[in-house]
Each structure stands twice: as structure tokens, then as C-alpha cells.
Amino acid sequence: MEYWPSLDRELRQAMKQGEVDFIAGYPTLSDNYQNDVDFIFDLALTYGLPVDLHVDESDEPNIDCFLYVLEKTIKTHMEGRVTCGHVTALNAVEDSLAKEAIAMAKEADVNITTLPSCNMFLMGRQDKQPVRRGVTRIREFLDARVSISYASDNIRDPFRPFGNADMLEEALFCAQVIQYGTSDQLSKVLSMGTFHPAKNALLSDYGLEEGCQADLVLLDAPTPKEAIISQAAKLCYIKKGKIIFRQC
């Protein structure tokens with residue numbers, strides 16, 4: 001990590017002072033991803049911080065980095081405190097290997113973040129027919145009860161000219177990609193943009209039960225299915241119990 005020495009003292013001081021929420025990294029791009037993963041986990045253990053990594057964002061049938069992160073999570077007892085984003089290469093490997101990796105992700109209690117709209121735009125560009133969708137195995141993660149959330153990456157930047165930073169829009173896109181359309185399935189999709197990210201972010205007092213922190217968006221729809229399909233209007237934004245936006 002050539003860029004680290006000049007920042008080491010400043011960043012470690014910020015960690016000590018509680019100014020850092022997560023340690024992030026992109027070990028797949030490194031010439032030695034094992035060393036980078038080890039370094040990141042050492043920092044996380046030293047300062048008691050969770051980890052959020054971009055992992056195996058490619059079309060190549062190689063998930064060595066993902067597997068190493070899972071192994072490291074279990075070995076260091078970081079279960080529930082590690083998030084892996086993208087993991088698109090999981091779609092390029094054989095089903096048997098993917099099944100093993102997903103089972104290990106469940107054992108490690110690793111959180112997954114998928115970026116469907118961005119991954120579909122960027123991946124599979126060199127494919128001839130059939131062209132891969134380029135999105136990780138969302139349905140298999142859901143079936144294995146691995147916490148997987150969706151997000152929107154590269155919003156109107158040099159990598160992708162689309163996006164509105166709208167999680168409900170991403171929910172509709174995700175539902176179509178994974179071919180979920182029933183009421184129960186769309187409820188699961190909405191949870192991928194609400195409860196699952198809250199778990200991934202280690203939020204406490206999250207939800208709609210009495211005593212939970214009042215952070216919510218009120219949608220003009222009777223059900224999750226209708227909210228996603230109709231792209232329901234956001235009637236009201238509430239933060240810490242205070243209305244910060246209300247539709248006129």
C-alpha cells in the first residue's frame with residue numbers, strides 16, 4: 001500500500017479519536033491482495049472498527065480475494081462486522097464453487113452489498129451472446145439468509161451516466177434483475193434497501209417498533225409491492241423524530 005506511510009499517523013489519530021466509522025479498501029486491485037486484507041483487518045482489530053471492502057468486481061471467474069476475506073473474517077472472529085461490495089466475479093465461477101462461497105459467507109456472517117444498476121452497465125462488455133448480467137448471485141445469497149443489500153454506485157460520473165440516488169428506483173431495478181415479482185418477494189427486495197443496510201451499517205434501535213429511532217421515509221403506498229412498482233411518492237422524511245421534508 002504505497003500511499004499509506006504518508007497518511008499513517010493522521011489516519012491512526014483519527015481512528016483513536018473515534019472519527020472513523022469503517023475501514024474501507026479495494027484489495028482486489030492490489031498486486032498482493034492477501035497483504036492488503038491482512039493489513040486492513042489488523043487495523044480493524046487494533047481500533048475496534050468494522051470493515052467495508054470492494055471485492056472481486058470483475059467478469060473473471062476468480063473469487064480468491066472473496067474467499068480470503070471470508071476466511072480472514074472467521075479466523076479473526078470479525079463475524080457480522082465485515083461487508084463485501086460488488087462480488088460480481090461470483091457470477092462467473094462454477095455453481096459448485098459459488099455454493100461453497102455463499103455457505104462460507106453465511107458462516108462468517110459477512111454482509112454483501114450489490115450495485116445492480118451499475119454492475120449491469122459496466123460488466124459483461126466483452127461478452128458475445130449470451131451476455132452475462134454482471135450482477136452477483138443475489139437470489140442465492142437471499143436463499144442462504146446472508147444479509148445482502150442493494151445500493152446505487154457511480155451516479156452520473158465518468159463510469160456511468162445514469163442514476164438519481166434513489167433507493168426506491170434501485171429497488172425496482174433490482175427486483176427486475178432477480179426476477180422477483182410477488183408480494184412476498186418484493187417485500188424481501190424492500191428489506192434489501194432498509195433493514196439489511198441497517199444491519200450492514202451496524203445501526204442500533206433501527207426499525208418501526210416502539211423505542212426505535214425515528215429515522216424514516218413515508219411512502220404513499222399501502223404495500224411494499226405497490227411502493228416499488230408504482231415508484232411511490234415520498235410524502236415525508238423524518239430524522240430523529242423531526243420532519244425535515246414534507247411533500248406539499
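In strand β7 of this predicted model, Tyr237 is the residue that V217 stands opposite. That pairing belongs to a longer arrangement, in which strand β6, made of residues 216-219, is joined to strand β7, made of residues 234-239, by 4 bridges, with the two strands running antiparallel. Strand β7 also pairs in the antiparallel sense with strand β8, residues 242-246, again over 4 bridges. Y237 takes part here too, since its bridge partner in β8 is F245. Between β7 and β8 the chain forms a hairpin with 2 residues between the strands, and in this hairpin K240 takes a positive phi near 50°.

From these strands the reader can move to the open space beside them. The largest pocket has a volume of about 1,100 Å³. Of the 33 residues lining this pocket, T194, Y206, D215, L216 and V217 are the closest to its centre, and V217 is the residue already met opposite Y237. The elements that give two or more residues to the lining are α7 (167-177), α8 (183-191), α9 (195-200), β6, α10 (224-230) and β7. Sorted by class, the lining of the largest pocket has 20 nonpolar, 8 polar and 5 charged residues.

The structure also holds 1 cavity of 30 Å³ or more, and about 30 Å³ of space lies in the largest cavity. Its lining consists of S58, D59, T88, N91, A92, R132 and G134, which by class comes to 1 nonpolar, 4 polar and 2 charged residues.

Another pair of strands can be followed earlier in the chain. Strand β2, residues 51-55, is joined to β3 by 5 bridges, and these two strands run parallel. One of the pairings between them sets V55 against H86, its bridge partner in β3. What makes β3 largely enclosed by the rest of the structure? Strand β3 spans residues 82-86, and 5 of its 5 residues are buried, so the strand is largely enclosed by the rest of the structure.

The loops on either side of β3 are worth a closer look. In the loop between α3 (64-75) and β3 lies T76, which counts as buried because its relative accessibility is 16%, under the cut-off of 20%. A polar atom of the T76 side chain lies 2.7 Å from the backbone oxygen of K72, and, leaving aside neighbours within four places in sequence, T76 is in contact with F41 and L45. H77 is found in that loop between α3 and β3 as well, but H77 is exposed, with a relative accessible area of 64%. Its phi is near 60°, a positive value in a residue other than glycine. On the other side, in the loop between β3 and α4 (95-107), lies V87, which has a positive phi of about 50° although it is not a glycine. V87 counts as buried, at 0% relative accessibility.

Further along, the loop between α5 (116-122) and α6 holds P130, and the peptide bond leading from Q129 to P130 is cis, with omega near 0°. Helix α6 itself contains R139, which is partly exposed, with a relative accessible area of 34%. Where does the side chain of R139 reach a backbone oxygen at 3.0 Å? The backbone oxygen in question is that of I178, and, neighbours within four places in sequence left aside, R139 is in contact with I178, Q179 and Y180. For a sense of scale, the C-alpha atom of R139 is separated by 32 Å from that of D42, a residue 97 places away along the chain.

The loop that follows, between α6 (138-143) and β5 (148-150), is where S147 is found. Is S147 buried or exposed? At 10% relative accessibility, S147 counts as buried. Its side chain makes a polar contact of 3.0 Å with the side chain of N200. When neighbours within four places in sequence are left aside, the residues in contact with S147 are V110, N111, I112, H196, K199 and N200, and α9 (195-200) is one of the elements that give two or more residues to the lining of the largest pocket.

Conventions
Residues numbered from 1 in each chain as written. Predicted model: local features only at pLDDT ≥ 70, side-chain atom pairs only at ≥ 80, totals over all residues. Heavy atoms only, no water. Buried < 20%, exposed > 50% of the residue type's maximum accessible area, 1.4 Å probe, protein only. Polar contact = N/O pair within 3.5 Å; in protein donor to acceptor, adjacent residues only side chain to side chain. Contact = heavy atoms within 4.5 Å. 1 Å grid on protein atoms, 1.4 Å probe; cavity = no way out; pocket = protein on both sides within 12 Å on 5 of 7 lines; lining within 4 Å. Points joined across faces, edges and corners; volume = space filled by probe spheres on them. Nonpolar A, V, L, I, M, F, W, Y, C, P; charged D, E, K, R; others polar. Pairing = 2+ DSSP bridges.
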